[in-house]
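Let's work through a set of short exercises together. Have a look at the sequence and the structure first, then try each task before reading its solution.

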Amino acid sequence: MTQTFIWTVAILTVLGLLLALILFWVARKFKVEEDPRIDEVEKVMPGANCGGCGFAGCRAFADAAVKATNLDNQYCPVGGDEVMQKVASILGFTVAAKAPQVAVVRCNGTCSARPRINEYDGVQSCRVKAALYSGDTGCAFGCLGCGDCVAACQFGALTMDPETGLPVVDESKCTACGACTKACPKHIIELRPKGPRGMRMYVSCLNKDKGPVAKKACASACIGCGLCAKTCTHDAITVVDNVAYIDAAKCKLCRECEAVCPTGAIHGVNFPKELDKEAVKKRIADRKAKAAEAAKAAEEKKEVANG
Amino acid sequence: MDKKYIVSPSPHIHADVSTTKIMRDVIIALCPAILVSILAYGWAELLVLLVSVASCVLLEWAVTRWMLKRPSTVGDLSAVVTGLLLAMNLPSSIPLWIVFVGAVVSICVAKLPFGGIGQNVFNPAITGRVFLLVSFPAQMTDWTPTAGFLSVPDAVSGATPLGVLKETLKSGGTISQFMETNGYTWSSFFFDLGASAGELSAGALLLGFIYLLVRRVVKPWIPLSILGTMAIIAAIFSGINPDAYTGVAFNLLTGGALLGALFMATDYVTSPMSNLGGIIYGIGIGVIVMMIRYFGSYPEGMSFAILLMNCAVPLLNMWFHQKKYGRA
Amino acid sequence: MGKLTFSMGGVHPHDSKYARECAIEELPLPQTVYVSMAQHLGAPAKPLVAVGDSVKVGQVIAEPGGFISAFVHSPVSGTVKAIAPRKDLAGNFVTHVEIAVEGDEWDPAIDRSKDLVTAIPDDKAAILDKIKAAGVVGLGGATFPAHVKLNPAPGKVAECLILNGAECEPFLTSDYRIMIERPKEIVIGAAIMQKVLGGCRCVIGIEENKPEAIAAMGAAVRELGYPGIEVKVLKKRYPQGGEKQLIDAVMRRQVKSGGLPIDVGAVVQNVATSLAVYEAVQKNKPLITNVLTITGDQIPGNLQHNYLFRIGMPLSWIVEQAGGIPETAAKLISGGPMMGKAISNLDAATVKGSSSVLYLSEGMTRRKPATSCIRCGKCADACPMGLEPFLLNRLYKAADLEGLEANAAQDCIECGCCLYSCPAYIPLLDNIRQAKGQVMGVIRARAAAAKAAAEAAKAAATNK
């Protein structure tokens with residue numbers, strides 16, 4: 001009996017030592033030399049591996065950052081400036097701060113505003129639906145409502161609102177990684193600057209159809225009337241292909257465009273007060289009247305000068 | 001268009017098939033064997049069947065409903081099939097609470113934790129049976145024949161034929177001695193020799209299987225390769241020493257060989273998808289069964305063989321694909 | 001004679017050819033037609049007319065926009081009202097030429113008599129030119145320009161012209177009707193194509209469920225007596241009329257992945273294309289008409305029709321002529337039930353390849369909720385390309401492009417057999433179609449990169 005014990009212990013000990021030696025040898029033989037800074041950089045990364053930076057994951061980002069000569073072409077949208085500063089300090093680079101961005105759903109074709117004209121019965125995937133046809137509403141540009149963006153979001157920042165049939169962005173969770181913008185076959189979701197205290201303006205429509213056609217398909221469509229562009233005093237709005245677009249860099253958040261939009265396609269979010277449309281319209285009217293008066297006065301002056 | 005017409009990608013029509021219909025066909029195919037077993041073993045057998053099916057269905061319903069919180073999959077009848085197969089693997093004299101334990105293992109251990117129908121790695125009914133065989137060996141292998149509606153002419157008592165055989169061989173006897181003492185004749189094997197319901201009548205099992213073949217529910221490759229392998233191995237060994245190793249017919253017609261080969265190994269979920277993979281899977285099962293029967297300590301090895309080969313299925317699926325058009 | 005069939009997969013849907021006894025009727029002219037510029041595979045055609053121009057029937061109104069493209073002709077006489085984007089049957093915008101119909105004045109060059117012209121012209125190049133000028137495209141579904149297919153690249157030799165009369169899609173009867181009503185024209189068309197291809201043999205393949213068509217075509221072949229043309233019976237099995245399947249069935253050869261039929265010496269044309277070739281070459285008539293079936297399940301007999309229509313007639317107008325949309329219809333399809341497109345815009349205009357308006361009832365067409373895959377392998381058994389749809393579906397969901405390519409997602413012919421036969425109602429083809437697109441994108445990008453690299457190397461070499 002004792003003999004058995006001794007043998008067992010001895011064999012196992014020898015076996016263990018032998019295997020340890022083999023492992024040691026293998027580890028030495030096949031060791032891959034890596035820049036230790038890759039590990040350091042990876043440690044400060046968010047670790048979401050979302051691919052929002054354009055690399056396969058955080059490790060790939062770190063690898064590229066270590067090999068790069070500057071960080072101009074790399075940005076981690078999830079970690080933002082904070083992480084980029086850390087990465088820069090590890091690698092001895094400097095980076096400029098970037099304005100934080102957020103995903104914005106640019107379709108306001110709710111179930112009530114945009115009536116269904118047929119019934120989609122295929123797999124619930126926007127990509128499949130978009131490949132098949134223009135969609136189950138009269139609008140060929142709007143949200144298809146199958147939630148590919150929701151599936152693409154790794155941060156749980158997107159949900160489908162069953163009432164409107166549109167995706168909703170949870171700003172506190174959105175990291176602006178851009179996965180949803182790539183997942184959407186209609187390119188409805190745009191990354192826009194978050195704006196001061198989250199306040200921002202955008203046109204919530206991409207319908208390129210002419211006014212009447214767009215309006216027939218969707219009550220809240222941008223009809224390309226151009227009122228907003230005419231009203232805007234900051235030159236921030238352009239109308240191309242029957243759709244208005246607000247340049248966030250130029251927008252001064254005066255909300256005048258929102259007030260004049262006849263279909264409610266322009267949205268202002270996170271403003272402390274609700275928009276008093278009448279007051280803003282009055283303001284615009286007053287300004288126009290004043291401008292007209294001034295123009296008239298100038299004209300008269302000119303006439304006087306000429307006469 | 002005022003009416004909202006349906007729009008979907010092609011195809012726009014669908015064959016008259018469904019998971020439920022396939023399971024229904026399997027149930028129909030099991031009916032002859034079930035009928036024979038009920039005739040032979042009477043109310044007790046019927047009770048085992050009912051308890052097994054009811055437990056499996058109820059457990060599946062309860063777990064999907066309350067624990068997994070998703071639509072119940074009871075409607076696809078797969079739990080009924082599991083229940084029937086489990087019951088057909090049990091002796092009719094088994095205590096009913098053991099049947100329930102088997103159902104718990106089948107449904108709550110082998111099936112649902114893996115994700116339910118289509119996701120399980122191991123055949124649920126076999127997992128249940130093997131669990132019971134290991135946990136309650138006495139109840140599972142010894143059986144007292146329960147009163148049937150028809151008298152079975154050569155009914156044996158005490159143990160399954162394979163069990164008796166193992167004992168005979170262990171105590172130094174030969175096969176011909178075993179045949180004589182137990183009053184077996186080779187011809188009687190076809191209809192009335194066996195232990196559990198599913199092992200009772202080879203004819204009834206074959207009848208059911210032919211129905212499945214005709215309905216194109218299963219393909220014959222897996223059963224053929226299992227039984228073929230078993231036959232070849234049995235022929236070789238019994239040819240060398242007919243007194244120590246049983247013959248071809250005995251091996252194919254006793255124990256769970258037919259039930260396992262025809263109905264358990266052909267389970268879609270736990271068998272390879274390609275024909276070639278299926279044949280290799282069958283050969284594996286055949287070899288393991290015969291090794292256990294000839295050299296193992298258990299009298300029967302079908303369940304173990306299928307479970308072991310279930311493990312190899314993902315690998316077989318990775319290695320063997322069907323022939324593609326225009327590719328060598 | 002044994003019945004021919006392809007070697008793997010396939011399904012057996014009920015053939016439902018309810019409109020088989022309906023003779024072809026000619027439709028009256030609508031007030032306006034809309035002629036699409038994208039009626040064929042390849043680049044859209046470029047309009048040659050301007051708003052206000054008056055046109056005659058058969059006059060060229062658009063020229064090919066690329067190598068793989070086709071001429072488009074006016075199907076009516078009248079005035080061009082607009083050249084503008086208009087929604088096709090999937091609701092996507094395509095440039096259409098809108099023509100207001102005035103009278104029915106045909107181009108005088110077109111021979112409108114019913115006389116058969118049996119003498120085959122000798123000049124191959126002239127025949128090809130005529131086919132090209134007539135805007136003939138493949139009418140079997142893909143609408144591939146016929147003159148391109150009939151003019152194999154140098155070094156490629158056609159050994160067999162296969163005329164596809166399988167019409168394996170359930171419900172459709174337009175090919176069946178032309179084979180019965182105009183068999184001689186089809187055979188002459190085949191003889192013309194034989195000539196163009198250098199006198200190869202020709203097999204006319206017809207599925208066994210059309211004995212009348214087999215008899216009519218056989219009689220026409222015997223009567224006309226062109227050499228090397230024979231009718232062969234095919235088994236009724238979907239997709240018997242798929243190009244690759246038909247080649248497999250008739251020639252027992254398989255086209256390599258990514259290859260063309262001509263690589264194995266085959267040219268496949270539909271019987272309707274053959275008729276169009278006859279009209280183009282012998283009658284100077286461009287492709288401005290085609291035959292379409294109006295049918296469906298649970299549809300009364302008086303709503304079933306086979307119509308000779310002018311290309312550009314709106315579907316809604318044809319449907320109205322046929323007696324309106326039946327009550328029971330839940331889905332409208334252009335094409336067959338296996339590969340046709342669901343119509344979301346009935347105002348869309350017909351195109352050269354339009355083959356049917358199919359009404360399917362709710363019970364027949366509504367998809368049932370998908371359940372778990374039970375790994376039965378029925379999809380793999382049904383796939384005529386020998387693919388494993390269950391695997392492709394899984395790889396697509398895992399976004400594994402390499403795996404998809406290794407498992408030949410790009411070989412999918414989108415026949416629908418997998419989804420048709422899935423007992424768990426898993427939308428296999430919906431996903432695999434996407435997967436195929438993605439893999440094709442990768443393959444094309446790789447080919448483009450390789451080409452660019454080769455050119456750069458060549459340029460570098462010449463610079464030295």
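What follows is a handful of exercises, each with a worked solution.

Before you start: this is a predicted model, where local features need pLDDT of at least 70, side-chain atom pairs count only at pLDDT 80 or more, and totals for chains, interfaces and linings use all residues. Residues are numbered from 1 along each chain as its sequence is written, while chains are lettered from A and ligands numbered from 1 in the order in which they are written.

**Exercise 1. Get a feel for chain B.**
Find how many helices and strands chain B has.

Solution. Start with the rule: helices (H or I, at least four residues) and strands (E, at least two) are DSSP runs, numbered from the N terminus. By that rule, chain B comes out with 14 helices and three strands. Next, call a residue buried if 20 or more other C-beta atoms lie within 10 Å of its own, exposed if 12 or fewer, and partly exposed in between, with C-beta atoms placed from the backbone. Of the 328 residues in chain B, 51% are buried. Last, two residues are in contact if their C-beta atoms, placed from the backbone, lie within 7 Å. Take the contacts in chain B with a separation of 6 or more: 75% of them join residues 24 or more positions apart.

**Exercise 2. Check a helix in chain A.**
Work out whether α11(A) is mostly buried or in the open.

Solution. First, the length: α11 of chain A covers residues 277-306, which is 30 residues. The expected span is 1.5 Å times one less than the number of residues. That gives 44 Å, and the helix reaches 42 Å from its first C-alpha to its last, close to the expected value. Then the burial: zero of the 30 residues are buried, so α11(A) lies largely in the open.

**Exercise 3. See how chain B meets its neighbours.**
Say which elements of chain B give two or more residues to the side that touches chain C.

Solution. Begin with the count: 31 residues of chain B are in contact with 48 residues of chain C. The elements of chain B that give two or more residues to this side are β1 and α1 (19-67). Now sort the residues, with Ala, Val, Leu, Ile, Met, Phe, Trp, Tyr, Cys and Pro as nonpolar, Asp, Glu, Lys and Arg as charged, and the others, Gly among them, as polar. The chain B side that touches chain C has 15 nonpolar, twelve polar and four charged residues.

Now turn to chain A. Here the contact takes seven residues from chain B and eleven residues from chain A. On the chain B side these are five nonpolar, one polar and one charged. Two strands pair if DSSP finds at least two bridges between them. Strand β2 (residues 119-120) of chain A and strand β1 (residues 6-7) of chain B do so in the parallel sense, over two bridges. A:Glu119 has B:Ile6 as its bridge partner.

**Exercise 4. Put a sheet and a helix of chain C together.**
Identify which strands of the parallel sheet α5(C) touches.

Solution. Step one is the sheet: four strands of chain C form an open sheet in the order β11-β10-β9-β12, with parallel pairing. At the edges stand β11 and β12 (266-270) of chain C, each with a single partner strand, so one side of each has no neighbour in the sheet. Step two is a pair inside it: six bridges join β10(C) to β11(C), and C:Ile206 stands opposite C:Val233 in β11(C). Step three is the answer: α5(C) packs on the sheet and touches β9, β10 and β11 of chain C.

Step four looks at the helix itself. The buried residues of α5(C) include C:Ala213, C:Ile214 and C:Met217. Among the elements that the buried residues of α5(C) pack against are α3 (174-181) and α4 (183-196) of chain C. Just after α5(C), C:Gly225 takes a positive phi of about 65°.

**Exercise 5. Place one residue.**
Decide where C:Ala43 lies.

Solution. C:Ala43 sits in the loop between β2 and β3 (46-47) of chain C. It is partly exposed, with 15 other C-beta atoms within 10 Å. Leaving out residues up to four places away in sequence, C:Ala43 touches C:Gly65, C:Gly66, C:Ile68 and C:Ser69.

Definitions and conventions:
Axes are lines fitted to C-alpha atoms, for helices over the stretch in contact, and angles run from 0 to 180 degrees between N-to-C directions.
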